[in-house]
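Biologist: Hi! Could you walk me through this structure while I have it open?
Modeller: Sure, let's look at it together.

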Amino acid sequence: MPLSNPIFRRISRLADARGVKAFVVGGYVRDHYLRRRSTDIDVVAVGSGIELAEALGRELHTKVSVFKTFGTAMLRAGGVEVEFVGARRESYAHDSRKPQVEAGTLEDDQRRRDFTINALAWSLNGDSFGELIDPFGGLDDLDACIIRTPCDPDITFSDDPLRMMRAVRFAAQLGFSIEDETFEAIRRNAPRIKIVSRERIATELNKIVLSPVPSMGFELLELTGLLELIFPEMHRLKGVERRGQHAHKDNFFHTLKVLDNVARRSDDLWLRWAAVLHDIAKPLTKAYDPRIGWTFHGHEVQGSKMVPAIFRQLKLPLNEHMKFVQKLVFLHLRPIILSEDLVTDSAVRRLLFEAGDDIEALMTLCEADITSGNDAKVKRYMANFELVRRKMKDLEERDRIRNFQPPITGEIIMKTYGIGPSRVIGEIKEVIKNAILDGEIPNEYEAAYALMLRLAAERGLVLPGERA
């Protein structure tokens, strides 16, 4: 039953007692027909939504959060979050997505919704409890898997350009198509996206990245012209250049394949962002060599340097999540190179050292990066990756390299020789670290200390007790 939660009968009784028409509108109704679980309920009252919320709060002895500026109120009860608002109509100034609001009817409220599938409503009043109100054919659009606006799409998107991003996001999340007129209206109105805050755009982008098949969303962003405006670095990946017999792959569609491959393996937002950005510097590093064709030397290094600026531009967090993405972009070729060559202990130790706790995420990204249509080539790479994984497990158990810090620190060297900071200390630390990673000495204090004594003597350092 769609309205089986007891909270709906409570709202119904309170609305009837006040002579107020009340309805459940939007996502909760849509998700019922899609057989998706939802705990966010939007209630529209033809009258004061705040007063109805406060009456329910008193009855449930629950705190009600009131937002008078927006004319809304919200409370949590029985495992759901219920937001109340009065039915309204909206009008917009051309340079703002903040509407002028006035009281309206239920149909006014449904008409202002972004898409027909989000304009479905159920009555909560006793005489018509559970009755579906669907003036714009939202149920038919759900059946047809279509995203369509309830009124003129040019008005819908010009009034609130964020709805263009939401159209793409819903299409990606639900696997729906955007209806032709709605799609063309997004293309016409794409430049209006500039009045939307970067934070709002980032929220929708993240939802696209987290969708079941995120390539759908990015292809739609590209086809509508939105991607070039909000994320030009990704737009520039698109295209193939040919010279003679040489052509490189389309790095935009390659990136989307890698992203979908990662999405099948992981729900981690930031691992998916690493997939989006792993080849982001290829347009900047592209060069042509008549002997071998197109090259992208150093794109992993240049790409990792681009990550902070892209995160800043997109208003993504400049914290450990950004550093995680930056690290994976920098290292994403390393396991592939390992899998092509003889897998040495030294190379695997260095990979473990640099990747640390992110090694599994890195391996997931690298396996997703194998998008060749040659089945034999894919099988060879995957078999070699499995060899790399086994060697990592063996070395990790034996040498404890992951997240290791060399046993000899700069402080130990300075204290041992009674000296202050200097370049020679950094040199000794680096040689000791490399000796451990190359397997020349074990990852143990005694061996590292003995090497320190030898290296220091070679550089003219003398222990305090040995000085003349």
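Biologist: Let's start with helix α8, residues 180–189. Which of its residues are buried?
Modeller: This is a predicted model. In it, the buried residues of α8 are Thr182, Phe183, Ala185, Ile186 and Asn189.

Biologist: Why are those on the same side of α8?
Modeller: Because they cover an arc of only 160 degrees around the axis.

Biologist: And what about the other side of α8?
Modeller: There you'll find Asp180, Glu181 and Arg188, which are exposed.

Biologist: Which elements do the buried residues of α8 pack against?
Modeller: Two of the partners are strands, β10 (146–147) and β11 (177–178). The helices are α6 (153–159), α7 (162–174), α10 (214–224) and α11 (226–230).

Biologist: What caps the N-terminal end of α8?
Modeller: Glu179 does. One of its side-chain oxygens lies 3.3 Å from the backbone nitrogen of Glu181.

Biologist: Nice. Changing topic: where is Ala275 found?
Modeller: Ala275 is in helix α14, which covers residues 269–277.

Biologist: Is Ala275 buried or exposed?
Modeller: Buried, because its relative accessible area is 0%, and under 20% counts as buried.

Biologist: What does Ala275 touch, apart from residues up to four places away in sequence?
Modeller: Its contacts are Thr255, Val258, Leu259, Val262 and Leu365.

Biologist: How about the largest nonpolar core? Which of its residues touch the most other members?
Modeller: That core has 112 residues, and the ones touching the most other members are Phe218, Phe231, Trp273 and Leu277.

Biologist: Take Leu277, then. What is it in contact with, leaving aside neighbours within four places in sequence?
Modeller: Leu277 contacts Phe231, which also came up just now, along with Val307, Ile310, Phe311, Val325 and Val329. There is also a second, separate core of 16 residues, with Val424, Ile425, Ala448 and Met452 among them.

Biologist: Is there a general trend behind cores like these, and what is it?
Modeller: In soluble globular proteins, nonpolar side chains tend to be buried together.

Biologist: Last one, Pro317. Where does it lie?
Modeller: Pro317 sits in the loop between α16 (299–314) and α17 (320–331). With a relative accessible area of 29%, Pro317 is partly exposed.

Biologist: Which residues does Pro317 touch, not counting those up to four places away in sequence?
Modeller: Pro317 touches Trp270, Phe311 and Met322. Phe311 is one of the contacts of Leu277, too.

Biologist: And how far apart are Pro317 and Val20?
Modeller: They are 297 residues apart in sequence and 44 Å apart in space, C-alpha to C-alpha.

Technical notes
Residues are numbered from 1 along each chain as its sequence is written. This is a predicted model: local features need pLDDT of at least 70, side-chain atom pairs count only at pLDDT 80 or more; totals for chains, interfaces and linings use all residues. Side-chain values use heavy atoms; hydrogens and water are left out. Buried means under 20% relative accessible area, exposed over 50%, partly exposed in between (1.4 Å probe, protein chains only). Helices (H or I, at least four residues) and strands (E, at least two) are DSSP runs, numbered from the N terminus. The arc is that of the directions from the helix axis to the C-beta atoms. Contact means heavy atoms within 4.5 Å. A polar contact is a pair of N or O atoms within 3.5 Å; within protein, one must be able to donate a hydrogen and the other to accept it, and residues adjacent in sequence count only if both atoms are side-chain atoms. A nonpolar core is a set of buried Ala, Val, Leu, Ile, Met, Phe, Trp, Tyr and Cys residues joined through side-chain atoms within 4.5 Å.
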